[in-house]
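User: I'd like to learn how to read charged pairs in a protein model. Could you walk me through it?

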Amino acid sequence: MVDHVQRLLQQHLTADQFERLTALSRGWQEMPFAYDPELNAFYVRDEWVHGAFSEPDDVPEETLDLLLLAAEILTEHREELDCRSLLETAADEEEKEEHVTVHFPVAEILAAAHLEELLEHTDYRVESRDTPDGYVVTVYYRYRTDHEFASRRNHIQWLIDLARHLGSGRRYKGWRLT
């Protein structure tokens with residue numbers, strides 16, 4: 001499978017970009033990319049970044065741009081690849097559970113109702129309770145990989161922000177990037 005990824009990237013990257021990517025992957029001995037079936041997209045594996053760089057936050061911008069460009073190319077041409085073979089191998093990893101707890105003061109009780117409504121259509125487990133000074137919503141979610149943890153936590157945070165916007169009567173504005 002690595003050969004298919006190599007050939008595809010070699011076709012769509014400049015010679016210099018492909019050479020840099022080959023060096024980063026230690027001659028393609030390590031696969032920097034994995035496929036996420038929920039997003040139907042490729043991404044740069046967190047485990048690979050932590051192994052390849054001593055300080056992941058100090059990855060040079062041009063290296064980061066190259067990795068993201070390569071992941072984008074793989075995503076655009078995913079029908080040419082066997083994506084199942086590039087799934088993050090999470091079978092060995094235990095599924096873990098984490099939670100996010102949100103306290104809504106009495107003035108934001110409508111936001112809490114919006115959050116509960118938004119969470120009805122997800123696979124998160126939700127517990128709610130009244131408190132003397134408001135309402136508490138706890139959202140439990142399960143994950144196996146660091147990427148899945150970050151993705152699910154970010155989704156929950158977005159739902160909380162959306163609920164607060166809806167609860168205050170403000171519209172949530174956004175722009176679609178194509």
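Analyst: Happy to! Keep in mind that this is a predicted model. Here is the general idea: side chains of opposite charge can pair when their charged atoms come close. Now the case here: Glu97 and Arg125 form a salt bridge, with 3.1 Å between the closest N and O atoms. This pair links distant parts of the chain, since Glu97 sits in strand β3 (residues 96–105) and Arg125 in strand β4 (residues 125–131), 28 residues apart.

User: Are Glu97 and Arg125 buried or exposed?

Analyst: Two cut-offs help here: buried means under 20% relative accessible area, and exposed means over 50%. Glu97 has a relative accessible area of 37%, so Glu97 is partly exposed. Arg125, at 39%, is partly exposed too.

User: Which residue besides Glu97 forms a salt bridge with Arg125?

Analyst: Glu127 does, and the closest N and O atoms of that pair are 3.0 Å apart. Glu127 counts as partly exposed, at 39% relative accessibility. Follow the shared partners and a network appears: Glu95, Glu97, Arg125, Glu127 and Arg142 are joined by salt bridges.

User: What does a salt bridge inside a helix look like?

Analyst: Try Asp16 and Arg20, which form a salt bridge with their closest N and O atoms 3.8 Å apart. Both belong to helix α2 (residues 15–24), and because they are four residues apart, about one helical turn separates them. Asp16 is partly exposed at 47% relative accessible area, and Arg20 is partly exposed at 31%.

User: How many salt bridges does the structure hold, and how many positive and negative side chains are there?

Analyst: There are eight salt bridges in the structure. The protein chain carries 18 positive and 37 negative side chains, and the centres of these two sets lie 4 Å apart.

User: Now the wider picture, please. What pattern do the helices and strands follow along the sequence?

Analyst: The chain has six helices and five strands, and reading along the sequence gives α-α-β-β-α-α-β-α-β-β-α. For overall dimensions, look at the C-alpha trace, which spans about 65 × 40 × 35 Å along its principal axes. The radius of gyration is 20 Å, whereas a compact globule of 178 residues would have one near 16 Å.

User: And how should I read burial and contacts for the whole chain?

Analyst: Buried residues account for 34% of the 178 residues. As for contacts between residues at least 6 apart in sequence, 65% join residues at least 24 apart.

Terms used. Residues numbered from 1 in each chain as written. Predicted model: local features only at pLDDT ≥ 70, side-chain atom pairs only at ≥ 80, totals over all residues. Heavy atoms only, no water. Helix = DSSP H or I, 4+ residues; strand = E, 2+ residues; numbered from the N terminus. Rg over C-alpha atoms; globule rule 2.2 N^0.38 Å. Buried < 20%, exposed > 50% of the residue type's maximum accessible area, 1.4 Å probe, protein only. Contact = heavy atoms within 4.5 Å. Lys, Arg positive; Asp, Glu negative; His and termini not counted. Charge placed at Lys NZ, Arg CZ, Asp CG, Glu CD. Salt bridge = Lys/Arg side-chain N within 4 Å of Asp/Glu carboxyl O.
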